[in-house]
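Colleague: I'm new to reading protein structures. Could you walk me through one, feature by feature?

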Amino acid sequence: MELLLIGMSRFARRRVLPALALLDEIEIVHVASSRADVETGGPLPKLGRIYRDWREALDDIEPGLVYVSLVNSQHAAAVQRALEQGHHVVVDKPGLLDLKTAKETVSLALSSGLIVAEANCYGFHPMFSAVRSVLQSLDAEVTKAVALFTPPVPVTDFRYNRQLGGGALLDTGPYMASLGRVLWEVEPERLEVIVGDRTSDSLETSYSVLAGYPGGRAVVGHFGFTTVYQNNLRLLGKACALEINRPFSAPPDMKVEISVQSDGQHYRHSVEPADSMRIFLSRVLEAVNTGSREFDGALLSDARTLDRLAREASRP
């Protein structure tokens, strides 16, 4: 299969292109980007044609797989145009910026027999399978989670621009929105959001969340751009506590250590390095081949929760 990469973001260079280089199913990677340094910014594996306009690229290339890595405000237009042209689509998180657009997009993909998937891929890392294995061995469960994710974002980045779909809620909200689904396969019943910091035009740059889930489960989280870098997840239960470093963006070459506390003992469970983006894209290609609709539910579930987060954050 051929793939068209729309947009040459830092994330696309750092995570998407290296993953594509290792996927045998992808033979050629075409690139559509207005950046002048597309060819000088680093190696482009499996490079096919380079386009300056993604609309022209979609008109020119035979239907295959499209990966959209544009600024957030341009996601919907590119995703829907690609689906209309008969392409399967993967889009950076946040996939679609509002619930109505997410529903319309999934409906379009479903009616056309195409896959649309949001690349919120941290949950595909085997660390989460390891967590479930550890809990099974302890005959325990976790009902509380404490999440911290404050990635560094330079003030010149589009994430500080409201018109481009910026803000901490859209940038990190997909992690918070999906965490209950990844841990327990449920959506929150109750949400409370406190916006901490804002720009001069009131764009939120940090926020804290309390989320309640069925069965007495809860997540407490803090996300944003305004503190030193934090990327940590603590999972708590009556009989155990687990802690994971870099759960939301573990590098492909990093061995993940899960710190386990149970019955007064402490030990570490190691998870071998893995590329969550490569695993995610492999699952997308499998869905393309089998017709699986597994990504519809995840995209819509996270869109519903992100919509609720946004509404709670906008309350006076």
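Modeller: Sure, let's start small. V220 sits in strand β10, which covers residues 217-224. Keep in mind as we go that this is a predicted model.

Colleague: Okay. Is V220 buried, exposed or partly exposed?

Modeller: The idea is to look at relative accessible area: under 20% is buried, over 50% is exposed, and in between is partly exposed. V220 has 41% relative accessibility, so it counts as partly exposed.

Colleague: Which residues form a nonpolar patch with V220 on the surface?

Modeller: V220 shares that patch with V146, L210 and L236. Together the four have about 280 Å² of accessible area.

Colleague: Now the sheet. How do strands hold on to each other in general?

Modeller: Strands of a sheet pair through backbone hydrogen bonds, and the pairing can be parallel or antiparallel.

Colleague: And in what order do the eight strands of the open sheet come here?

Modeller: Read across it like this: β8-β9-β10-β7-β11-β12-β13-β14, with mixed pairing. At the edges are β8 (190-198) and β14 (265-271), each of which pairs on one side only. From one strand to the next, the twist averages 10°.

Colleague: Can we zoom in on one pair? How many bridges join β11 to β12?

Modeller: Five, and the two strands run antiparallel. Strand β11 spans residues 231-236, while β12 spans residues 240-245. To follow the pairing, look for partners: N232 stands opposite N245 in β12, and L236 has A241 as its bridge partner in β12. The link between β11 and β12 is a hairpin of three residues.

Colleague: Which strand pairs with β12 over another five bridges?

Modeller: That's β13 (residues 256-262), again in the antiparallel sense. One pair to find there is E243, whose bridge partner in β13 is S259.

Colleague: Where do the side chains of a strand point?

Modeller: In a regular strand they alternate between the two faces of the sheet.

Colleague: Which helix lies across β7, β9, β10 and β11?

Modeller: Helix α6, residues 168-184. Its direction makes an angle of about 20° with β9.

Colleague: Let's do salt bridges. How do I spot one, and how many does the structure hold?

Modeller: Look for a side-chain nitrogen of Lys or Arg within 4 Å of a carboxyl oxygen of Asp or Glu. The structure holds 17 of them. Try D171 and K93: their closest N and O atoms are 3.3 Å apart.

Colleague: Why does the pair of D171 and K93 tie together parts of the chain?

Modeller: Because D171 lies in helix α6 and K93 in the loop between β5 (88-91) and α4 (99-112), the pair connects parts that are 78 residues apart in sequence. Both ends count as buried: D171 has 6% relative accessibility, and K93 has 16%. The two also belong to a network of salt bridges that includes R10, D157 and R159.

Colleague: What about a salt bridge with partly exposed ends?

Modeller: Go to R304 and E187, whose side chains meet at 2.6 Å, N to O. R304 is in helix α8 (residues 294-313) and E187 is in the loop between α6 and β8, so this pair links distant parts of the chain, 117 residues apart. R304 is partly exposed at 35%, and E187 is partly exposed at 26%.

Colleague: How far apart are the closest N and O atoms of R190 and E192?

Modeller: They're 2.4 Å apart, in another salt bridge. Here R190 is exposed, with a relative accessible area of 54%, whereas E192 is partly exposed at 35%.

Colleague: Last feature: contacts. Which residues does T143 touch, leaving out those up to four places away in sequence?

Modeller: T143 touches W184, G216, R217, A218, L236 and G237. You'll find T143 in the loop between α5 (127-138) and β7, and it counts as buried at 18% relative accessibility.

Colleague: And how does sequence distance compare with distance in space?

Modeller: Check two pairs. T143 and V89 are 54 residues apart along the chain, and their C-alpha atoms are separated by 34 Å. S9 and V71 are 62 residues apart in sequence, with 8.4 Å between their C-alpha atoms. S9 lies in the loop between β1 (2-6) and α1 (10-21), and it touches S69 and D92, not counting residues up to four places away in sequence.

How values were computed
Residues are numbered from 1 along each chain as its sequence is written. This is a predicted model: local features need pLDDT of at least 70, side-chain atom pairs count only at pLDDT 80 or more; totals for chains, interfaces and linings use all residues. Side-chain values use heavy atoms; hydrogens and water are left out. Patches are made of residues with over 30% relative accessible area and no salt bridge: like charges are joined within 9 Å, nonpolar side chains (Val, Leu, Ile, Met, Phe, Trp, Tyr) within 5 Å. Accessible areas come from the Shrake-Rupley method with a 1.4 Å probe; for residues, only the protein chains shown count as cover. Helices (H or I, at least four residues) and strands (E, at least two) are DSSP runs, numbered from the N terminus. Buried means under 20% relative accessible area, exposed over 50%, partly exposed in between (1.4 Å probe, protein chains only). Two strands pair if DSSP finds at least two bridges between them. Axes are lines fitted to C-alpha atoms, for helices over the stretch in contact, and angles run from 0 to 180 degrees between N-to-C directions. Contact means heavy atoms within 4.5 Å.
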